Every structure is written in C-alpha cells, then in structure tokens.
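Colleague: I'm new to reading protein models, and I'd like to go through one with you. Could you take me through it feature by feature?

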Amino acid sequence: TEQYQEILGSLLEEVIRLSRIIDDLLLVAKSQIGQVNMEDHEIDLRAFIEEFADEAEMFTTQSNVSFTIERIEDAHIRGDALRLRRVLLNLVDNAVKYNVENGSVIVSLFTEEDDAIISIRDTGIGIPKAEQAKVFERFYRVDKEHSRSLGGTGLGLYIVRWIIETHGGAITLFSEEGKGSEFIIKLPLAETVVRESA
C-alpha cells in the first residue's frame, strides 16, 4: 500500500506539472493573438496578499523555506485577481525552487506616489548579472540543468511580465549571485486608474 501511495503521489505531481505547462502554453498562444480575456474589478491588495500567504506558507514549509510578510499596507488596484494570483504563485514558486536549505521568501506591499509596490525577495542562489536582462524572455532558463530537474519551461517569468504589463504596471529584477533575488512589481492604484481614464 505504501509503495502504491508513493507511485500515485508521483503520478499526481506529474499530472499537475504537465497541466501547468499546457496552461502556460495556451496562455502564451492566446496572448499573441489577443484572445485572453482579463477581468477588471477593484482588488483589495492587502487582503489579497494575506489570503495568498496562507497558501504560500504551506508549500514553502514543505521545501524547508520560510515565508514572511515583512511589511504590508493598504492598497487598492483594478485588475484580474486570478491572473495576479498567477503572478504571485510563479514568483514565489521560483523563489522556493532556487532557494537554499532553510532559506527565506519575504514579501512586502506598500504604496509609492500613485503606485502599489509588491516586493518578493529570496535568499537563494541569485541570477548572474549577464543573464538578468533575458529572464523575462519566452523559453529562457538561466540554469538549464537545474530547471530541467525541477521541470521548468522558461515561460513563468515571461507570463508574469505579460500579466503585469497588461495591468498597466512594470516588474523589475535585482539579483546577486549567492545572495538572492528581488522582484519588484509596480501597479497603478485604483484611484490613479480612474483618474487617468476619466
């Protein structure tokens, strides 16, 4: 029975991995021809991140990585909550995959002028400086051997940037080899969106 459970567990993980790859490929294909429908609702970003944190803590703990919200402020934006959840999931998943044993993933949310700023920082292996400008390209993987062993496709960060830019925002990477990486997401506050569209 124990052996069967292990086999079924492995099969389930593979099904989930393949399902995510198919979803990524479909999203990329649809984005190229403008067939992705985006919801447009006001999102309480503080509540959104706090809710996501409960889920993130579960899978970071399984990988011996701690998840912490370092700073969180009130912020409201307009957008598609499901797509933005995908952004956080992809970034935290990468922060866990490329972290070190007993490492950390730290998330912060604050406002700066007319923008909401989300920072996702890790204590992982970091990204070489020469590679940093390419990480958001389709199918690009920095550490191909590591990515292959973890099932990476090179689509995650491309999709992250596309979703953020579709929401009128931007994403920036700061990284140092051996010290970790930080992704900073900038999204227009809801009041800004309303003011600019008026």
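Colleague: Let's begin with the whole chain. What percentage of its 198 residues count as buried?

Modeller: Keep in mind that this is a predicted model. In this chain of 198 residues, 40% count as buried. The accessible surface comes to about 11500 Å², and carbon and sulfur atoms hold 50% of that surface.

Colleague: How many helices and strands does the chain have, and in what pattern do they follow along the sequence?

Modeller: There are six helices and seven strands. Going along the sequence, you read α-β-α-β-β-α-β-β-α-α-β-β-α. Contacts add another view: take those between residues at least 6 apart in sequence, and 71% of them join residues at least 24 apart.

Colleague: Next, the inside. Which residues touch the most other members of the largest nonpolar core?

Modeller: Leu 45, Leu 91 and Ile 118 do, in a core of 46 residues. Helices H1, H2, H3 and H5 each give two or more residues to this core, and so do strands S4, S5, S6 and S7. H3 gives the largest share, with eight residues.

Colleague: Can we zoom in on one of those? With which residues is Ile 118 in contact, leaving aside its neighbours within four places in sequence?

Modeller: Ile 118 is in contact with Leu 45, Ile 49, Leu 88, Ser 108, Leu 109, Phe 183, Ile 184, Ile 185 and Leu 187. Notice that Leu 45 turns up here too, and Leu 45 is one of the residues that touch the most other core members.

Colleague: Now helix packing. What describes two packed helices?

Modeller: The general idea is that you give the angle between the axes and the distance between the axes. Here, H2 and H3 pack at about 35°, and their axes are 11 Å apart. The crossing of H2 past H3 is right-handed. On the H2 side, the contact includes Phe 48, Ile 49, Phe 52 and Phe 59, while the H3 side includes Leu 84, Leu 88, Leu 89 and Val 92. Sorted by class, the residues of this contact come to eleven nonpolar, one polar and three charged.

Colleague: At what angle do H3 and H5 pack, and how far apart are their axes?

Modeller: For H3 and H5 the angle is about 145°, with 9 Å between the axes. This crossing is left-handed. Among the H3 residues that meet H5 are Arg 86, Val 87, Asn 90 and Leu 91, and the H5 residues they face include Leu 157, Ile 159, Val 160 and Ile 163. By class, this contact has eight nonpolar, three polar and two charged residues. H5 also has a list of buried residues, including Tyr 158, Trp 162 and Ile 164.

Colleague: Arg 86 of H3 caught my eye. Why does Arg 86 count as buried?

Modeller: Check its relative accessible area against the cut-off: buried means under 20%. Arg 86 has 18%, so it counts as buried. Beyond its neighbours within four places in sequence, Arg 86 is in contact with Arg 20, Asp 23, Asp 24, Leu 27, Ile 159 and Ile 163.

Colleague: And Glu 177, is it buried or exposed?

Modeller: Exposed counts as over 50%, and Glu 177 has a relative accessible area of 55%, so it is exposed. You'll find Glu 177 in the loop between S6 and S7. Setting aside neighbours within four places in sequence, its contacts are Ile 125, Gly 126, Ile 127 and Pro 128. Glu 177 and Ile 125 are 52 residues apart in sequence, yet their C-alpha atoms are 5.8 Å apart in space.

Colleague: Last topic, backbone angles. What sign does phi have at Asn 64?

Modeller: Positive: Asn 64 has a phi of about 60° although it is not a glycine. Asn 64 sits in the loop between H2 and S2, and at 41% relative accessibility it counts as partly exposed. Asn 102 also has a positive phi of about 60° without being a glycine. That residue is in the loop between H3 and S4, and its relative accessible area of 62% makes it exposed. Just after H5 there is a glycine to look at, Gly 168, with a positive phi of about 80°.

Definitions and conventions: Residues are numbered from 1 along each chain as its sequence is written. This is a predicted model: local features need pLDDT of at least 70, side-chain atom pairs count only at pLDDT 80 or more; totals for chains, interfaces and linings use all residues. Side-chain values use heavy atoms; hydrogens and water are left out. Helices (H or I, at least four residues) and strands (E, at least two) are DSSP runs, numbered from the N terminus. Buried means under 20% relative accessible area, exposed over 50%, partly exposed in between (1.4 Å probe, protein chains only). Contact means heavy atoms within 4.5 Å. Accessible areas come from the Shrake-Rupley method with a 1.4 Å probe; for residues, only the protein chains shown count as cover. A nonpolar core is a set of buried Ala, Val, Leu, Ile, Met, Phe, Trp, Tyr and Cys residues joined through side-chain atoms within 4.5 Å. Axes are lines fitted to C-alpha atoms, for helices over the stretch in contact, and angles run from 0 to 180 degrees between N-to-C directions. A crossing is left-handed if the near helix is turned anticlockwise from the far one by less than a right angle, and right-handed if clockwise. Ala, Val, Leu, Ile, Met, Phe, Trp, Tyr, Cys and Pro count as nonpolar, Asp, Glu, Lys and Arg as charged, and the others, Gly among them, as polar.
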